[in-house]
Amino acid sequence: MNVAEQVGQSTVKTFDAKKVRQDFPILDQNVNGQPLVYLDNAATTQKPNAVIDAISDYYRGYNSNVHRGAHSLSDKATAVFEAARETVATFVNSPKKEQIIWTRGTTEAVNLVAHSWGRANIAAGDKILVSTLEHHSNIVPWQMLAQDKGASLIPIPVSEKGEIDLQAFAALLDSRVKIVSIGHVSNALGTINPVKDIIAEAKKIGAKVFVDGAQAVAHFPVDVQSLNCDFYGFSGHKLFGPTGIGVLWGREELLNEMPPYHGGGEMIETCSFAGTTYNQLPYKFEAGTPDIAGAIGLAAAIQYLQCFDRDEVSAHEHDLLEYCHQRAATCEGLKRVGEAKNIAGVFSFLLEGAHPSDVGMLLDQQGVAVRTGHHCAQPLMDALHIPGTVRASFSIYNTRDDVDRLFAALEKVKQFL
Ligand code: PMP
């Protein structure tokens, strides 16, 4: 099943990426003397005017601290900031907006759960499972927790194609497994993991499940209730929003039981030297002045994305990947890395006889922006016995012309080899 089928749509209807490009001013420029082809969307997406304007409106019109409202500007900032939380809640189908915790990004969402839930619930001898596909931010916080507690962090193996070995996963499940933390979509290979099945299996033995949605939310709709996960994290900047803002969604009863992560203003109910009592959700986890402009920008990004038929967006991106794979099949010396059945947004490859970073540099000279290296997934690269890959990653505003430019540039790269 491909991405398009997964969201119930298999053909592009009226979606027009060339029109979408006009909403993203940064795309209209030359880089190294050539029109920019931006294929580094898995690292960060570009921002539409709607997001840039929302942030600018806030700073120009009603910049003020939130929840401290003795004046009108603060009241307005608070109302728009809390409306942004509501927008995110609807976006992931959260039962309540209080289950949306602002973080700095996916990394902080994982750290929050590892520190808060982890410290309260993980004991010596317990097991934490992650897949070998994970980004470092979904490995290292768990590793730190495991080291502190005398627990073990166990990697679920992946196949050569870049798919999680579900049989091996089932065999690893036992009563000592307390949490499974899985990426929804791999940033290095684009594999869409069968998280719903993984969650269902993990639930059978009572383990909690964290889903790292950093690479998923921009590509297809996410419904935390239908997934039945316990935690879901993502970053604003990979979803057309600003950097520095992200989201942790959590199951209400778990969030209520969890101790605070950071201490400071806003997260308290009362504070005295005799002791402090904590605020209710979501503020218990939001110490200090939040990224107000970031939250407002992220909500604007979500509203922008929701202007499109999400099925059409997925179908468009899938079409680009299919086209890329067709072109790759006739490109001599190119080897795809990651051939999972279900892939979103990412085309990872190697060029025979060339180091990925040299390929990236030569593409950049031709105005084509890609990412090269291990993509913060060193354990995956070790498992695949490669130093890294060249990664072209697609978004809503990319076109088949961009794919053509990539392959034309690769032909020139080969001439240098
Ligand atoms: N998980 C995945 C799958 C990612 O791709 C990334 C970013 N590359 C992260 C986590 C970390 O996201 P951030 O740096 O925005 O916290």
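User: How many salt bridges does the rule find across the interface of domain 1 and domain 2?

Analyst: A salt bridge is counted when a side-chain nitrogen of Lys or Arg lies within 4 Å of a carboxyl oxygen of Asp or Glu. In this structure, which is a predicted model, the rule finds zero salt bridges across the interface of domain 1 and domain 2, although it finds 22 residue pairs in polar contact there.

User: Which residues belong to domain 1 and which to domain 2?

Analyst: Domain 1 is made of two stretches, 3-46 and 309-414, while domain 2 covers 59-305. Taken over C-alpha atoms, the centres of the two domains are 27 Å apart.

User: How much area do domain 1 and domain 2 bury between them?

Analyst: The two domains bury about 2900 Å² between them, and 58% of this area is on carbon and sulfur atoms. On the side of domain 1, the residues that lose the most area to domain 2 are Arg310, Cys376 and Leu380, which together make up 22% of what that side buries. Counted by contacts, 40 residues of domain 1 meet 33 residues of domain 2.

User: Which elements give two or more residues to the side of domain 1 that touches domain 2?

Analyst: They are helix H1 (3-6), helix H12 (310-329), strand S14 (346-351) and helix H14 (378-384). H14 gives the most, with six residues. By residue class, that side of domain 1 divides into 21 nonpolar, 13 polar and six charged residues.

User: Where in the chain are the partners of the salt bridge between arginine 391 and aspartate 40?

Analyst: For the structure as a whole, the count comes to 19 salt bridges. In the one between arginine 391 and aspartate 40, the closest N and O atoms are 3.5 Å apart. This pair links distant parts of the chain, since arginine 391 is in strand S17 (residues 389-393) and aspartate 40 is in the loop between strand S3 (37-38) and H3, 351 residues apart.

User: What describes a pair of aromatic rings?

Analyst: A pair of aromatic rings is described by how far apart the centres are and by the angle of the planes. The structure holds 14 aromatic pairs. One of them, formed by tyrosine 58 and tyrosine 62, is edge-to-face, with 5.2 Å from centre to centre and 80 degrees between the planes.

User: Why are tyrosine 58 and tyrosine 62 separated by about one helical turn?

Analyst: Tyrosine 58 and tyrosine 62 are about one helical turn apart because they are four residues apart in helix H3 (residues 49-62).

How values were computed:
Residues numbered from 1 in each chain as written. Predicted model: local features only at pLDDT ≥ 70, side-chain atom pairs only at ≥ 80, totals over all residues. Heavy atoms only, no water. Domains from an automatic or database assignment. Contact = heavy atoms within 4.5 Å. Buried area = accessible area lost by both parts, 1.4 Å probe. Polar contact = N/O pair within 3.5 Å; in protein donor to acceptor, adjacent residues only side chain to side chain. Nonpolar A, V, L, I, M, F, W, Y, C, P; charged D, E, K, R; others polar. Phe/Tyr/Trp six-rings, centres within 6.5 Å; stacked < 30°, edge-to-face > 60°.
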